[in-house]
There are 4 protein chains.
Amino acid sequence: MMSFINRTVATAALLAVSASAAFAVTATKIDTTITQAEVEAAQVAWGEALVQISQDFEEGGIDKARATAEAVIAAAYGYDMGPVLFKPTLTEAPQTFRTTAEGALAYFVGDNEAFPDDTGFALKGWTAVEIENAAIFISGNTATTMGNVHITDAQGNVTTVDKTWGYQRDDEGNLRIILHHSSLPFSAD
Amino acid sequence: MMSFINRTVATAALLAVSASAAFAVTATKIDTTITQAEVEAAQVAWGEALVQISQDFEEGGIDKARATAEAVIAAAYGYDMGPVLFKPTLTEAPQTFRTTAEGALAYFVGDNEAFPDDTGFALKGWTAVEIENAAIFISGNTATTMGNVHITDAQGNVTTVDKTWGYQRDDEGNLRIILHHSSLPFSAD
Amino acid sequence: MMSFINRTVATAALLAVSASAAFAVTATKIDTTITQAEVEAAQVAWGEALVQISQDFEEGGIDKARATAEAVIAAAYGYDMGPVLFKPTLTEAPQTFRTTAEGALAYFVGDNEAFPDDTGFALKGWTAVEIENAAIFISGNTATTMGNVHITDAQGNVTTVDKTWGYQRDDEGNLRIILHHSSLPFSAD
Amino acid sequence: MMSFINRTVATAALLAVSASAAFAVTATKIDTTITQAEVEAAQVAWGEALVQISQDFEEGGIDKARATAEAVIAAAYGYDMGPVLFKPTLTEAPQTFRTTAEGALAYFVGDNEAFPDDTGFALKGWTAVEIENAAIFISGNTATTMGNVHITDAQGNVTTVDKTWGYQRDDEGNLRIILHHSSLPFSAD
């Protein structure tokens with residue numbers, strides 16, 4: 001039999017229970033919880049994309065704008081995961097919710113007979129976007145933000161919307177928009 | 001129609017895209033990833049329980065030791081979740097793996113005809129436990145440790161085992177042992 | 001030395017690699033991913049609560065309605081976790097976002113000098129709620145829904161809103177609303 | 001003001017609260033919880049790799065065996081994530097735990113002066129591996145198995161070990177071994 005007792009010490013001076021040696025080890029930690037910085041970067045990227053589409057429309061017309069918008073939707077939204085919960089600011093029933101990439105593209109750049117009311121929200125000459133979060137909620141690989149977004153056109157007019165974004169970290173580690181609810185502020189007047 | 005443009009500023013001095021206001025908001029973060037401190041506390045608690053069972057056996061006999069061991073198993077192991085991956089140091093086939101609470105109790109305090117080789121590992125007069133981690137791996141609500149555990153008997157003899165513990169955070173937030181692999185060190189001699 | 005080779009078989013008829021025995025074991029699986037049924041139950045519960053507050057107001061006045069609303073907010077929303085991302089249908093700047101339980105209560109039952117524009121949305125005699133989801137996105141312990149909610153008053157008039165709800169499973173396993181964005185449908189007319 | 005009441009129905013025949021329409025929507029579900037099939041496939045792959053290294057050693061000597069072993073360790077273990085909790089069957093203090101890829105490679109193919117006791121476990125002419133799980137525990141992106149592994153050499157002799165494997169899903173979706181505790185069965189004789 002292998003000896004069960006394989007070390008002897010002259011004293012029982014050890015603490016009854018100790019784990020001090022444990023503290024010399026630094027645990028490897030797998031924690032993919034989204035950071036606030038990742039969320040804010042994704043918000044800024046959305047604003048930059050909106051301004052870019054407007055610029056591309058001015059410089060290269062609808063073809064260039066559409067190509068940019070397609071790239072933005074492919075890179076920033078989660079349509080590859082499933083239907084995206086997208087309620088743009090200015091859509092109406094029965095086309096209120098744009099759960100497909102085609103519906104999102106139509107909203108941003110119009111020019112799609114299947115969405116006759118869409119005039120291309122991103123083509124309106126936007127020059128600046130300011131994001132003002134009211135609250136952010138992060139839970140593991142998901143994050144949600146709510147607040148105002150102020151967008152400025154070429155004449156300096158600012159439009160404010162109430163906006164919610166929901167993000168999911170994808171297989172490659174990037175945040176994707178799986179929720180986007182935008183609405184005009186309510187006014188009782 | 002509700003006015004789409006509801007705020008006008010005299011200047012377009014805003015940055016093209018800004019989210020500076022966002023930084024005033026501190027995100028709520030739901031992150032239940034286990035901490036290293038929680039892991040080490042669970043290890044120490046196991047050591048304290050072992051010493052306690054030995055003391056209770058000395059003071060109150062098998063009945064008191066069994067009651068303590070039952071409470072320890074109920075509080076520290078995950079048998080309520082399913083079979084626990086428990087390979088104690090001194091068990092033999094066909095009763096090597098103690099995937100049930102009854103099998104774990106038999107190992108710790110013996111006195112069970114269904115486990116005739118069990119003599120009660122926790123009754124051996126253990127007075128001290130020292131934990132020496134080689135590495136700790138934490139992933140979300142799970143954690144795993146590997147290293148040596150040194151246990152001291154009443155005569156001051158120290159036994160060292162190679163030990164792996166796996167923990168799962170339960171519904172109440174507590175870490176539970178769902179894996180426990182203990183083995184005598186190999187010797188080629 | 002303990003024998004390294006402890007079993008001999010007369011034939012090497014074993015497959016080169018086999019794990020058939022593995023299939024006799026059913027893995028314990030810890031998977032707290034929210035189900036669609038849980039999401040829909042939470043939606044129905046919100047509708048029932050709205051109708052209940054209206055009924056309680058009719059039967060017991062503001063005191064009874066407030067008590068019910070407080071209980072609903074405490075049970076269904078996640079204010080204990082942090083600021084809730086709540087944009088009610090009819091709020092205006094600078095009180096658009098109701099990130100505190102007090103702000104939510106004021107919206108539902110009014111009667112709070114700190115929120116002078118609130119007239120008590122839940123006191124309007126609502127008799128029925130119909131939920132029409134456009135899409136649902138579930139990710140681990142979180143879920144998000146988007147669609148229309150139709151609410152009927154005592155005269156049978158139906159109001160439709162665009163609504164997003166976000167849920168987080170709490171420590172006790174219950175879904176809590178941590179996001180609620182409600183807006184009137186946009187109309188270009 | 002936008003009309004708050006935008007739809008009228010002739011009857012209040014709607015249920016007080018209904019969500020029947022919700023059931024027409026199938027939720028997108030993000031659930032990366034490991035499946036039992038993935039776990040068993042990873043176990044089989046380990047067995048195949050062991051046999052492969054033995055074959056490569058026979059056919060191509062130490063260089064070929066080492067190259068294969070390096071590839072196996074790189075593909076199947078999680079050393080890129082941090083220290084791996086690896087306690088091979090036949091290692092001794094102070095080199096019991098092989099938390100580095102170099103230490104793992106030395107165990108499998110020897111030929112490393114820094115690990116003088118290693119003779120190359122994977123070079124022993126293994127021809128078959130049988131996996132017999134006692135229990136499997138899956139929790140989200142982690143999984144743990146415990147049981148016996150029976151390995152057969154060229155003469156048909158079978159060695160049985162008590163083995164625990166822990167897996168972590170990596171960024172690319174693959175399971176990686178972050179825990180491997182192997183020990184000879186205890187014998188009181």
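**View 1. Polar contacts where chain D meets chain A.** Across the interface of chain D and chain A, the rule turns up 0 residue pairs in polar contact, counting pairs with both residues at pLDDT 80 or more. A polar contact here is a pair of N or O atoms within 3.5 Å; within protein, one must be able to donate a hydrogen and the other to accept it, and residues adjacent in sequence count only if both atoms are side-chain atoms. By class, the side of chain D touching chain A has 6 nonpolar, 4 polar and 2 charged residues (Ala, Val, Leu, Ile, Met, Phe, Trp, Tyr, Cys and Pro are nonpolar, Asp, Glu, Lys and Arg charged, and the others, Gly among them, polar). Salt bridges between chain D and chain A also come to 0 (a side-chain nitrogen of Lys or Arg within 4 Å of a carboxyl oxygen of Asp or Glu).

Keep in mind that this is a predicted model: local features need pLDDT of at least 70, side-chain atom pairs count only at pLDDT 80 or more, and totals for chains, interfaces and linings use all residues. Residues are numbered from 1 along each chain as its sequence is written, chains are lettered from A and ligands numbered from 1 in the order written, and side-chain values use heavy atoms, with hydrogens and water left out.

**View 2. The contact surface of chains D and A.** Here 12 residues of chain D touch 12 residues of chain A, with contact meaning heavy atoms within 4.5 Å. Since 100% of the interface residues of chain D are also interface residues in chain A, the copies meet through the same surface.

**View 3. The axis relating chain D to chain A.** A turn of 180° and a shift of 0.0 Å along the axis lay chain D on chain A with an RMSD of 0.0 Å (least squares on C-alpha atoms of residues with pLDDT of at least 70 in both). That's a two-fold axis relation. In chain D, the C-alpha nearest the axis belongs to Asp171(D), 3.4 Å away.

**View 4. An aromatic cluster in chain A.** Ring pairs join Tyr77(A), Tyr79(A), Phe86(A), Tyr107(A), Phe108(A), Phe121(A) and Trp126(A) into a cluster (rings of Phe, Tyr and Trp, its six-membered ring, pair with centres within 6.5 Å; planes under 30 degrees apart are stacked, over 60 edge-to-face, the rest tilted).
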